[in-house]
Amino acid sequence: MKVQVDERGYYGNFGGAFIPEMLYPNIEELRENYEQIVQAPDFQKQFNHLLRDFVGRPTPLYLAERLSEKYGAEIYLKREDLCHTGAHKVNNTVGQILLAQKLGKQKIIAETGAGQHGVATATVCALMGIECIVYMGKVDMARQKPNVERMRILGAEVRPAKSGSKTLKDATNEAMRHWINNPTDTHYIIGSVVGPHPYPEMVARFQSVISKEIKAQLLEKKGKQNPDYVIACVGGGSNAAGAFYHYYNEEDVRLIAVEAAGLGNQTGHSAATTVLGKPGVLHGSKTLLMQTEDGQVIEPYSISAGLDYPGIGPVHAHLFETGRAKFYSVTDEEAMKAGILLSRTEGIIPAVESAHAFAALNQMTFNPSDVVVINLSGRGDKDLETYIKWGKY
Amino acid sequence: MNRIDKLFQDKKERVLNVYFTAGYPQLNDTTTILEALETSGADLIEIGIPYSDPIADGPTIQESNGVALENGMSLKVLFSQLKDIRDKVSVPIVLMGYVNPIVQFGMENFCAKCEEVGVDAVILPDLPMFEYLEMYKPMFEKHGLYNIFLITPQTSDARIKQVDENSNGFIYMVSSASTTGAKTSISLDQSDYFARVKNMNLKNPTLIGFGISNAETFDKACENANGAIIGSAFIKAISEEGNLEEKISGFVKSVKQ
Ligand SMILES: Cc1ncc(COP(=O)(O)O)c(C=O)c1O
């Protein structure tokens with residue numbers, strides 16, 4: 001079965017556009033125009049130019065020799081941590097800011113959890129001279145202070161989301177409410193493969209440059225485009241969707257998605273949606289969702305603010321349901337240890353989100369000839385506080 | 001005959017629809033509020049099903065949702081409170097809620113329960129018309145339940161026609177591009193929209209909601225539609241100190257004067 005979105009915005013049983021009528025014209029405008037805009041040669045030219053000269057693409061595909069030796073496989077790191085602003089998030093914001101300009105929008109709003117997407121949005125808004133408002137949960141503003149200041153230095157306004165649990169889910173609610181109140185002049189740059197159709201597919205396409213480059217780089221290094229495994233962490237799922245995209249329908253490539261198990265899946269403090277979630281509707285799409293028996297959304301927990309989301313993108317719910325991707329979950333402790341291991345074996349301090357992908361290696365077994373690509377979605381600079389607080393190094 | 005059709009057959013002007021959140025201010029206020037609203041002269045009552053993430057709602061209704069959930073409100077509790085409501089209250093009752101709690105309850109089960117207790121219609125702002133028509137319409141029809149759709153100033157004529165064709169009961173005209181309670185007035189730039197809708201001669205009655213908060217805005221809305229819906233202003237009124245029934249009758253009187 002092919003992994004692709006249908007014209008109603010569904011991947012199998014998941015997706016769609018569950019939005020209030022107030023947002024219908026905005027979503028229709030996007031749905032009707034985005035493919036044509038994105039495929040136009042002048043858009044492609046600008047997008048590729050910015051990815052190369054502003055973001056610094058292609059990012060290297062690096063053979064991690066000491067890590068390979070430790071796990072008994074040939075492990076390559078896709079170095080999204082070397083993107084400008086420090087994570088893959090900017091691939092999407094560059095695409096969406098160009099789209100917003102073509103749609104004639106004068107203002108940008110975004111939500112952010114860890115602040116990486118907020119920083120990436122503030123960055124492209126500064127680049128284009130466009131007004132930018134970023135919603136961020138009050139709790140997250142306190143635990144990701146440096147990113148709040150980065151956004152402000154870049155000229156963005158950071159608005160605290162004070163409703164609900166005051167984290168990413170509530171920041172997303174506030175951004176949607178803002179859009180309802182400002183429907184005509186504003187574009188909402190969603191930061192992951194979540195939200196109403198066409199967002200999940202649109203964001204995945206902007207991120208798909210990751211797997212496009214992996215294919216070309218592996219061909220050059222190994223004489224073949226396909227590895228045996230691609231591994232990525234999943235919050236909403238944008239770095240994973242980007243790393244999987246050109247492999248969705250290549251059955252010889254095993255897709256591995258890694259979720260955050262927080263303090264453990266049975267502790268009530270986890271963010272592992274495929275383990276703890278059921279089908280439901282959040283932020284405009286039908287997907288797997290952590291919720292109570294009554295259908296109220298449960299606040300997840302992870303040490304990593306970027307994985308601290310109660311849902312996953314509909315494409316991942318589909319990959320999980322069909323078995324096309326295999327899902328692992330990794331606790332705070334396992335992720336932090338994996339982060340230290342990568343720091344000490346390869347000289348790379350990963351983002352705590354990305355560290356989850358590395359921790360999954362401990363749960364897998366490999367043949368020595370296996371070629372494994374891990375998407376190193378971001379660097380750890382933003383997480384120094386978290387590493388210091390954890391302290392065991 | 002659905003109570004909503006009966007209402008609009010008898011009354012074509014100044015229909016007052018009042019919204020409150022189930023389980024707010026106290027878990028067991030539901031029937032008290034319903035009875036007091038009917039006695040005070042509300043023509044139609046909308047009961048909000050609280051949800052953790054009400055994206056179409058502003059701060060007032062969000063807070064009432066949060067309090068109601070903390071008080072222990074759920075669909076199960078609400079239906080048990082409404083079990084004998086038709087012995088006491090005869091105005092049409094509409095349930096308003098977000099789709100996720102209802103899908104978890106089971107849509108078919110939900111429709112059956114609505115019929116059983118005497119709920120006349122449902123408003124689910126985040127259930128798209130397309131999904132409704134494709135998945136749920138037969139269940140609604142089987143249980144005589146109406147699904148109320150929203151239109152906004154940004155809704156195209158073509159889509160308004162489509163909404164009119166697929167609607168029963170009434171059409172909910174959102175007065176301006178906003179979440180609930182965001183604006184406390186109706187401004188002049190909405191008159192184009194009101195005139196545009198009026199000139200379309202829709203088969204369904206219309207009620208204007210969002211930004212209706214007092215006698216002045218109620219009157220203005222009633223010049224442009226069959227009536228109006230008040231939510232946030234009512235929630236604010238019942239949040240104040242004092243006797244619940246008195247606050248309700250005082251509020252309704254002040255609006256209808
Ligand atoms: C470095 C990094 N990786 C991963 C994520 C998780 O997002 P997604 O699952 O959309 O890639 C984030 C989110 O903030 C992040 O900053």
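Start with Gly235(A): one of its polar backbone atoms is 2.7 Å from an oxygen atom of the ligand. That is a polar contact, meaning a pair of N or O atoms within 3.5 Å. Gly236(A) also offers a polar backbone atom, 3.2 Å from a ligand oxygen. From Lys89(A), a polar side-chain atom lies 3.1 Å from an oxygen atom of the ligand. The protein covers 97% of the 390 Å² of accessible area that the ligand has on its own (Shrake-Rupley method, 1.4 Å probe).

A word on the model. It is predicted: local features need pLDDT of at least 70 and side-chain atom pairs 80 or more, while totals for chains, interfaces and linings use all residues. Residues count from 1 along each chain as written, chains are lettered from A and ligands numbered from 1 in written order, and side-chain values use heavy atoms, without hydrogens or water.

Now the shell. There are 19 residues around the ligand, each with a heavy atom within 4 Å. Ser192(A), Gly235(A), Gly237(A), Ser238(A) and Ser377(A) come nearest. The shell has six nonpolar, 11 polar and two charged residues; Gly counts as polar here.

Where does the ligand lie relative to the domains? Domain 1 (10–50 + 89–203) and domain 2 (56–87 + 207–390) of chain A both give residues to the shell, so the ligand lies between them. The bounds come from an automatic or database assignment.

Last, the cavity. The ligand sits in the largest one, with more than half of its atoms within 2 Å of the grid points. On a 1 Å grid over the protein atoms alone, a cavity is where a 1.4 Å probe fits but cannot get out. This one holds about 410 Å³, the space filled by probe spheres set on the points. Of its 36 lining residues, with an atom within 4 Å of a point, His88(A), Lys89(A), Gly191(A), Gly236(A) and Gly306(A) are closest to the centre.

Terms used:
Polar contact = N/O pair within 3.5 Å; in protein donor to acceptor, adjacent residues only side chain to side chain. 1 Å grid on protein atoms, 1.4 Å probe; cavity = no way out; pocket = protein on both sides within 12 Å on 5 of 7 lines; lining within 4 Å.
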